[in-house]
Amino acid sequence: MPPRFVLASRSPRRRQILELAGWAFDVQESQADETIPPGMPPDAAVQLLARRKVEAVAPSAPGAFVLGADTIVVCNGRLLGKPRTETEAFDMLRLLSGRTHDVWTGVAIAAPHGKTVSFAEKTAVTFWELSDEEITSYIATGEPMDKAGAYGIQGRAALFVRRIEGDYLTVVGLPLSRTVRELRRLGWPPYGMET
């Protein structure tokens, strides 16, 4: 029997993405600190947050592979996490309007044999110019409030996207193809494993 696999995330989007790989896994929410030290580069920041999630969950999942991930948006040098208020969401979307920004997702994986690896992937996203009415209507849906940069590309904000360069799933919250390759390097899953 293969080792247990645990997703250290409360994100329904990460669960859906991981299900695409066809593996059985458990979900265990992490209560890790999500503050980023000032001045930390975005690739290091998302890896730090992903590692914190893994470190918070791994002790309660002995013998399991544990995966954590975190996503941030960077525009004009500003790191944008999840908005705390509707005003903050509006300001974020106004900043992104008509611009190209980077979406960084960091992933950390702890293997049962004690090794932990992490990596970061970046995708560039360009928004159309957005009117205040579009932004206000979108915020009224509630969709932006639990998402980095105040938008979900897989939801209604798909209407805002002019172009992406990179892995779409990095923007959604888990770069699956890279994650699968890193997991295989660590020994998960054995090829041909049934779920």
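**Strands β5 to β7 and helix α3**

Strand β6 pairs with strand β7 (residues 161-165) in the antiparallel sense, over four bridges. In this pairing F127 stands opposite V161 in β7. The model described here is a predicted one.

Strand β6 also has β5 as a partner: the two run antiparallel and are joined by 11 bridges. One facing pair is A108 and S118, the latter in β6. Together β5 and β6 make a hairpin, with five residues lying between the strands. In that turn, G114 has a positive phi of about 100 degrees.

Within β6, one residue to look at is T123. Is T123 buried or exposed? Its relative accessibility is 0%, and because buried means under 20%, T123 counts as buried. A polar atom of the T123 side chain lies 2.9 Å from the backbone oxygen of D167. Beyond its neighbours within four places in sequence, T123 is in contact with H101, D102 and V103, with I164, E165, G166 and D167, and with T170 and V171.

Helix α5 spans residues 168-172 and includes L169. Leaving aside neighbours within four places in sequence, L169 contacts I17 and L20, as well as L174, P175 and L176. The C-alpha atom of L169 is separated by 9.6 Å from that of R13, although their positions lie 156 residues apart along the chain.

The next element is helix α3. Which residues of α3 (residues 86-96) are buried? They are A89, M92, L93, L95 and L96. Seen down the helix axis, these buried residues fall within an arc of 155 degrees, so they line one face of α3. What do the buried residues of α3 pack against? Their partners are the strands β3 (65-75), β4 (78-80), β5 (100-110) and β6 (116-127), together with helix α4 (132-140). The hairpin strands β5 and β6 are thus among the elements that α3 packs against.

The chain then leaves the helix. Just after α3, G98 takes a positive phi of about 70 degrees. The loop between α3 and β5 also holds S97. With a relative accessibility of 4%, S97 counts as buried. A polar atom of its side chain lies 2.6 Å from the backbone nitrogen of L130. Not counting residues up to four places away in sequence, S97 touches F127, W128, E129 and L130. Of these, F127 is the residue that stands opposite V161 in β7.

Technical notes
Residues are numbered from 1 along each chain as its sequence is written. This is a predicted model: local features need pLDDT of at least 70, side-chain atom pairs count only at pLDDT 80 or more; totals for chains, interfaces and linings use all residues. Side-chain values use heavy atoms; hydrogens and water are left out. Buried means under 20% relative accessible area, exposed over 50%, partly exposed in between (1.4 Å probe, protein chains only). The arc is that of the directions from the helix axis to the C-beta atoms. Contact means heavy atoms within 4.5 Å. A polar contact is a pair of N or O atoms within 3.5 Å; within protein, one must be able to donate a hydrogen and the other to accept it, and residues adjacent in sequence count only if both atoms are side-chain atoms. Two strands pair if DSSP finds at least two bridges between them.
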